[in-house]
Amino acid sequence: MYRAIIKYEWTGIWRNRWLPLAWIIFFLIGCYSLYQGHAGFVHRQKGNAAALQRSDSLILSVTKEFDTLTTTTGNRTDLEDPFYFDWRYQSLALKPVSPLGILHTGQSDVYTGLKSTRFGIPGFSNDTDEFRNPEKLLAGNLDMSFFIIFLLPLFFIALSYNLSAADRESGIVALLRSQASLRCLWFTRLLIRWIVAFSPAWVILGFSFLLLSNKSGFSVTAFLIWWGIMFLYAITWFLIASVITSSRLSSTVSAMVLTAVWTVLLVILPGLLNTWFNNRYPSGDKEEMAIYRDADYEAWEKQLSEHRAHLLRQYPKWEKEITAADSNTIKGFSYSLFMKENELSILESQRKQRWNRLHAEEQTYWVSPVAGLLRSLSSLGNTSLDQQLEFEQQVFQYREQKMRYLFENLLTRKRFSKDDFSGLPLLQLKPRKITAGKHLLPLLLLNLLLCVVLFLQGTRKMQLNA
Amino acid sequence: MKTVFFQTIQLSMRIRHLQFMAGLFLVLNILVALNTSIAYRTREESFDRARHQVRSAWLNQGERNPHSSAHYGHYIFQPVDAMQFLDNGIRQFSGSVLRLEAHAQHEAGFAPAEDTSEMSRMGELNFAWLLQVLTPLFIILLCFNAVSQDRESQNLKMMAIQGISMQQYLWGRITANYSISLLLVISGLLIQGIAFALFTGNFGNLLTGQLLFWFVLYAVYIFIITTASVLISSQVKYSRSSLVLQLALWVLLVVIVPRITANAGEAIYPQEHKTEFNRLLREDREKGIDGHNPRDERSRNFMDSLKKHYKVDSVKHLPVNADGLRMQADEDYANMVYDKHFSRIRRRIQQQNSISSTVSLFNPYLAIRNLSMTVSQSDYHSQLDLFAAAEQYRRYLIRELNHKMAYGGSKTGDWDWTTNQEFWKTIRDFDYPQTSLGKRLYRYRPELISLLFWLLCSLIAVKRASTKITVL
């Protein structure tokens, strides 16, 4: 029986002159999405590589100078001065990139994946940010996740909206019932249409594996999880269509209801929530930048005695060295510490605001499961906000560590030798946290609810038939 | 036509899914109005506070060397316009703070989207969004069976027998459905206006000629969509097919095409990397005078020319502070370098956006989106106007400070010389630019042409369709 249904459906698909064309169009859009995701990823990678290349050349020139530096005699050279050293030794911190960013761009085109580790400039400086086109950011990215989450359900809706209604409207239900169970017929046909609608994605899965597998940092497990999430999402649409098409609605009403579900689930709910969050956690006008500047000037213009007292509070064990140190050393070190404190207070307040928003957003994934789905994909691709915050915090900590190392050396040692240079702390980013699973729970619950509704519909129908 | 008009309105009022959609539209309007008015008030307050704080800090910086003050600089914040209450445009993705200081032309930073998660990419609901995206969907549900249903129920045949001309019939349907849609839009606008007045207490700011023009643009857009929807319904045999076709068109024009054009723009005109930009900038800047390095060869030549001009043999005998003049010479050169390089970057972004602008000739959604943003001053060009004005102000500010250093009474090499507090008042505050509507619209000629073209096409199409309509 199943063979007959499949054959019937397959013939129907091939007889429909629009369907193969639509499939090809969707497949081409999918391929283009993959290409666009890849192009964006490569562009960002090239930008990072160019910045790192320049940084490496600067570091190399500093290293070479230290190789030939004689520190047994004389006073400190310019290079041994922490501020000058910081200006010359322009190392960069690169956020680990996941090739899954090809499939889901997420916020990687908004967040900075590359940060300067100079302590002399504030962490929120945008010197390393690439140029962005706000109109493009507003329009959004065309990548695989957009293709699967937004476009393929529409293809599926177009294929399935009149699944049972068309038979009813053309009066062939009785004929079909005589040949097979209506429920079995409906289910198999819906399944076939679901497979056809989402098949462009499964074909592109193969292409994406070929494209991603040769990228550094590629993980087969993460790749399979990514596609597993998409499969789960595709199932959600199968269940939604099952519930609606089995509800004895006319084909016109079915089309309207399915489109309304798509609009509410993917456009209205996330959009409304985003608007509310923008309002609840406003970004503000960043007056902190002006406050930071004022604090910068204030710190620089402090009396030497204040700077000395500040240092003594921080380093009571080095009282002797602090008392003996010259005014430039005291002022430079104390000023840098003041600035790090100011920067930290601003970063902490921004960080708190972002975390609060993120936690509040997590609660709303139960209302808008698609937002949770996107968060899972971002987490897998290392482009989520929590991962960005973690990265920025680690860079700040490293910058402070480097500053302290250089000034402590200036305070306690006569010269900054090659060995001291070799002992300069290096940035070691902690492995990223992936929180893909927990944000999918709302989607799983939605699927479960749809299954229950479907089951109840089936029971009711059976009762009616009885 | 009058009969068809009233009959259409009566019938539409009775359709339950339309009542539901209209209700949903109004509820969304209320939610959006509440959200955006509170957000607008917060933004406005924050902007005013930040602006006054920065000016006050400038005026009260105490006695300071003018060059130190040039590094202290100024901050420019993204301004808030009443029309942005209706269309927030690219604000979420454009920098909100711009630092102005000596020697460097910075880029605006801290785009609000940087503080948000991937949810911010799902769009921000505002009234413009409701009109651009959701209203066409409502119109489709209103009009998809405007003619096809009459054909299916044989009413069309009846009307033909009664002698109603097809053109009159079509116009009746179009005007009736357009009136319903427009009524909904006007209700929405009223809701927005009331919320704006309640939360900001400044309704007068919104009631300008710009709002009227903005409304006219949307009225044209809605007319185009209504006419298209009724015409498709008249040409397609079944209501079901008409609905599916119109929904597919909506998805294509509103969801797919804007993304494809934006991404294609970036692919066709790839942007230069920051490292490359910095390298080119550095190379060009190194060819000029280094304002902070008197040992630099060009600096020495400049000093020699000064000595020659003032007919003295040593910089010590110059009647002016040569450091101030040297730094201004550095600025003058650097300004040319910055103009050259930043204009290249901005031109590239405009080239990227030009794809969407050109495609708007075929897609009224893109046309209205861009026009709406420019009327609301929330488009990329308005941002560029702000940057240009900010850069002019930076040049004025630094020039004044360098001239104060040069001619204010200090001597060359005297970096500890300070100017008194009163001097800061002589520096005018930054005036946020207001570009005329005409100039703004001129930049969006393809979009304006597109709307007019589609309007004309709609009028012609009704005439042509009325002759081809099949009653069976």
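This passage describes the overall dimensions of chain A and then the surroundings of two loops in chain B, as seen in a predicted model.

The secondary structure of chain A amounts to 18 helices and two strands. Its C-alpha trace extends over about 105 × 40 × 35 Å along the principal axes, and the radius of gyration of chain A is 30 Å, whereas a compact globule of 466 residues would have a value near 23 Å. Of the 466 residues in chain A, 54% count as buried. Among the contacts of chain A that have a sequence separation of 6 or more, 83% are made by residues 24 or more positions apart. The accessible surface of chain A was computed as about 20700 Å², and carbon and sulfur atoms contribute 61% of that area.

In chain B, helix α12 comprises 14 residues, from 297 to 310, and its first and last C-alpha atoms are 20 Å apart, close to the 20 Å expected at 1.5 Å a residue. Four residues of this helix, namely Ser299(B), Phe302(B), Met303(B) and Leu306(B), are buried. Because these residues cover an arc of only 100 degrees around the axis, they fall on the same side of α12(B). The partner against which the buried residues of α12(B) pack is α13 of chain B, formed by residues 322–359. On the face of α12(B) that is turned away from the buried side, Glu297(B) and Lys308(B) are exposed.

Just after α12(B), the backbone at Lys311(B) adopts a positive phi of about 55 degrees, although Lys311(B) is not a glycine. This residue is located in the loop that runs between α12 and α13 of chain B, and thus between the helix that carries the buried residues described above and the helix against which they pack. With a relative accessible area of 74%, Lys311(B) is exposed, since the threshold for that class is over 50%.

A positive phi of about 55 degrees is also found at Gln377(B), which is likewise not a glycine. Gln377(B) belongs to the loop between α14, residues 364–375, and α15, residues 380–407, of chain B. In its case the relative accessible area is 13%, and Gln377(B) is therefore buried, the limit for burial being under 20%. The non-glycine residues Lys311(B) and Gln377(B) thus each have a positive phi of about 55 degrees, while Lys311(B) is exposed and Gln377(B) is buried.

Notes: Residues are numbered from 1 along each chain as its sequence is written. Chains are lettered from A and ligands numbered from 1 in the order in which they are written. This is a predicted model: local features need pLDDT of at least 70, side-chain atom pairs count only at pLDDT 80 or more; totals for chains, interfaces and linings use all residues. Side-chain values use heavy atoms; hydrogens and water are left out. The expected span of a helix is 1.5 Å times one less than its number of residues. Buried means under 20% relative accessible area, exposed over 50%, partly exposed in between (1.4 Å probe, protein chains only). The arc is that of the directions from the helix axis to the C-beta atoms. Contact means heavy atoms within 4.5 Å. The radius of gyration is taken over C-alpha atoms; the globule rule is 2.2 Å times the number of residues to the power 0.38. Accessible areas come from the Shrake-Rupley method with a 1.4 Å probe; for residues, only the protein chains shown count as cover.
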